[in-house]
Amino acid sequence: MTTEQKQDPEFIQFRYPRDVTYHHALGYQSKFANGLKQGRILATKCPVDGRCTIPPRIVCPMHHVRQTEWVDQGQRGRLISAFKINFPMFNSRTGELQTWENPIIAVELEGGARMDGWCMETDTSKLKTGMLLEAVWRPEEERQGRADDIMYWKPIEE
Ligand SMILES: [Zn+2]
């Protein structure tokens, strides 16, 4: 083949084995994970300025003090930012190439912590910074103690 002949691009895709059972010790994060299984969003609170952190941390990254208090962040929050992926991407959990209909958002929870998630509203023109959102959870029997136990954040009328 000469250098002027074009080749079709070669795509490499990794497929992860799906039936491998493993147990992972979460340590300090286990309280957060167990909270998610129960439909609760828990954050650690800094004793200096009261800032709540998700994922929870043992030590405040700003003040370098132990965070021993846990605060339930409630079920609602305000939209901080949103973006939509408009091209197929690999799902890091499954290795599958997929499209993403729901925008990825950042939410400031009632308790003050911030977390990322998926928005139920797929039309980004309907999303406004500061709008009220509510967590939509997977059925309890399907929860695994992961942030995606919250399937979506649903816009709420005020
Ligand atoms: Zn702090």
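This briefing describes two sheets and one buried residue, Asp149, in a predicted model. Local features need pLDDT of at least 70, side-chain atom pairs count only at pLDDT 80 or more, and totals for chains, interfaces and linings use all residues. Residues are numbered from 1 along each chain as its sequence is written.

**Five-stranded sheet**
- Five strands (DSSP runs of E, at least two residues, numbered from the N terminus) make up an open antiparallel sheet in the order 8-7-4-9-10.
- Strand 8 (114-118) and strand 10 (150-155) each have a single partner strand, so one side of each lacks a neighbour in the sheet; two strands pair if DSSP finds at least two bridges between them.
- On average, neighbouring strands of this sheet are turned by 45° against each other, direction ignored, with axes being lines fitted to C-alpha atoms.
- Five antiparallel bridges join strand 7 (residues 104-109) to strand 8, and Ile105 stands opposite Gly117 in strand 8.

**Three-stranded sheet**
- An open antiparallel sheet has three strands in the order 2-1-3.
- Strand 2 (52-53) and strand 3 (69-72) are its edge strands, each pairing on one side only.
- Strand 1 (residues 42-45) pairs with strand 3 over four antiparallel bridges, where Leu42 stands opposite Asp72.

**Asp149**
- Asp149 lies in the loop between strand 9 (132-137) and strand 10.
- Asp149 is buried because 21 other C-beta atoms lie within 10 Å, the cut-off being 20 or more, with C-beta atoms placed from the backbone.
- Beyond its neighbours within four places in sequence, Asp149 is in contact (C-beta atoms within 7 Å) with Leu36, Lys37, Trp137, Arg138, Arg143 and Gln144.

Conventions. Axes fitted to C-alpha atoms, helices over the stretch in contact; angles between N-to-C directions. Buried ≥ 20, exposed ≤ 12 C-beta atoms within 10 Å, placed from the backbone. Contact = placed C-beta atoms within 7 Å.
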